[in-house]
Amino acid sequence: MSEQLFKSFAIIGAGPNTGIHIVKAFLAIGAPILVVARPASTNVAALPGDDPNLKVVRADHTSASEISTVLREHKVDVLISTVTLVFGGVVGQNVLADAAKEAGVKLFVPSEFGIKPQLAKGGLAFQKTDSAVYAKSIGLPTLRVFNGLFYEFVPWLTALADTGKFHIVNKGETPGSFTAVSDVAGYVAHILTIQPPSRLLDVEIHIEGQRATLSEIGALYKSRAPVVHCDALPTEGVVNAHFRTFFQKHVETGGGSCGWNPVTESDDPESASRDNSLWEGHRWLTVSEALGL
């Protein structure tokens, strides 16, 4: 007897970076999805307004009881979070986990969608591990999706968008995992609606659109912008330059790969794309296609 697939999905954090793409990916395959928006959010204006599979409700994201009520009323099987993590937005994600547990949600997809986190407290995106540990402590199954760096993230990471120059900290010759936002969104919608629940409960997913180095990507930009190697990104006119420098250095040590093992601090290239096959027959976008290079 086959397992019953997940039927009801909700997303919190349907902003322009990742969330709205996941919503559109669900709608593209005819799957219903509930968007739980903040009371004052304006992001919902960018959502398709005439799709019968889309429903939007507003609730206070800091209130576990309010979110839980919404999830229970809509009999949600899977809750997806795309709240911003990098600059502290993860603080409220445990609230979402509490709400999901209280509402009887069967699977929580926390806001990972990037590189694998370090284990040391205070390390890069440590909050991701902290959130996963918390979900496990309350008995809430999770699905953690690691896709490396978004292609669309590269102009920001290299300060290209700020300075018109492609900055590479040090050599930039260590391979990392890069994936298009649209591929990540499509993948999430596909596996959640196709795979049996037992394949997804308390699982880490590794996907990779293309394995590349920042130097290789920089070479694609040479006809459009100067490529500059530096010890650190310039601080003038570049917000969070120190963080971006730190991030690039982490990529250079191997941490930008989905095959990165934070325990041994080593990279396994074969592990980086081990779960690509769950999207059968899909052709993953290359960096040049995603960035129009």
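**Close-up views of a predicted model**

**View 1. A10 and its partner on the neighbouring strand.** In this close-up, A10 sits opposite L34 of β2. The model shown here and in the other views is predicted. Zoom out a little and you will find strand β1 (residues 9–12) running parallel to strand β2 (residues 33–37), with 3 bridges joining the two. As a reminder, strands in a sheet pair through backbone hydrogen bonds, in either a parallel or an antiparallel fashion.

**View 2. The open sheet of 5 strands.** Follow the order β3-β2-β1-β4-β5 across the sheet, where the pairing is parallel. At the edges lie β3 (54–58) and β5 (107–109), each of which pairs on one side only. On average, neighbouring strands of this sheet are turned by 20 degrees against each other, direction ignored.

**View 3. Helix α3 across the sheet strands.** Here helix α3, made of residues 93–103, lies across β1, β4 (78–81) and β5. Compare the helix with β4: α3 runs at about 175 degrees to that strand.

**View 4. The second largest pocket.** Which residues line the second largest pocket? Look for T129, A132, V133, K136, T142, R144, D202, V203 and E204. By character, this lining divides into 3 nonpolar, 2 polar and 4 charged residues. The space in the second largest pocket comes to about 180 Å³.

**View 5. Elements around the second largest pocket.** Both α4 (126–137) and β10 (203–206) supply at least two residues each to the lining of the second largest pocket. Helix α4 gives the most, with 4 residues.

Conventions: Residues numbered from 1 in each chain as written. Predicted model: local features only at pLDDT ≥ 70, side-chain atom pairs only at ≥ 80, totals over all residues. Heavy atoms only, no water. 1 Å grid on protein atoms, 1.4 Å probe; cavity = no way out; pocket = protein on both sides within 12 Å on 5 of 7 lines; lining within 4 Å. Points joined across faces, edges and corners; volume = space filled by probe spheres on them. Nonpolar A, V, L, I, M, F, W, Y, C, P; charged D, E, K, R; others polar. Pairing = 2+ DSSP bridges. Axes fitted to C-alpha atoms, helices over the stretch in contact; angles between N-to-C directions. Contact = heavy atoms within 4.5 Å.
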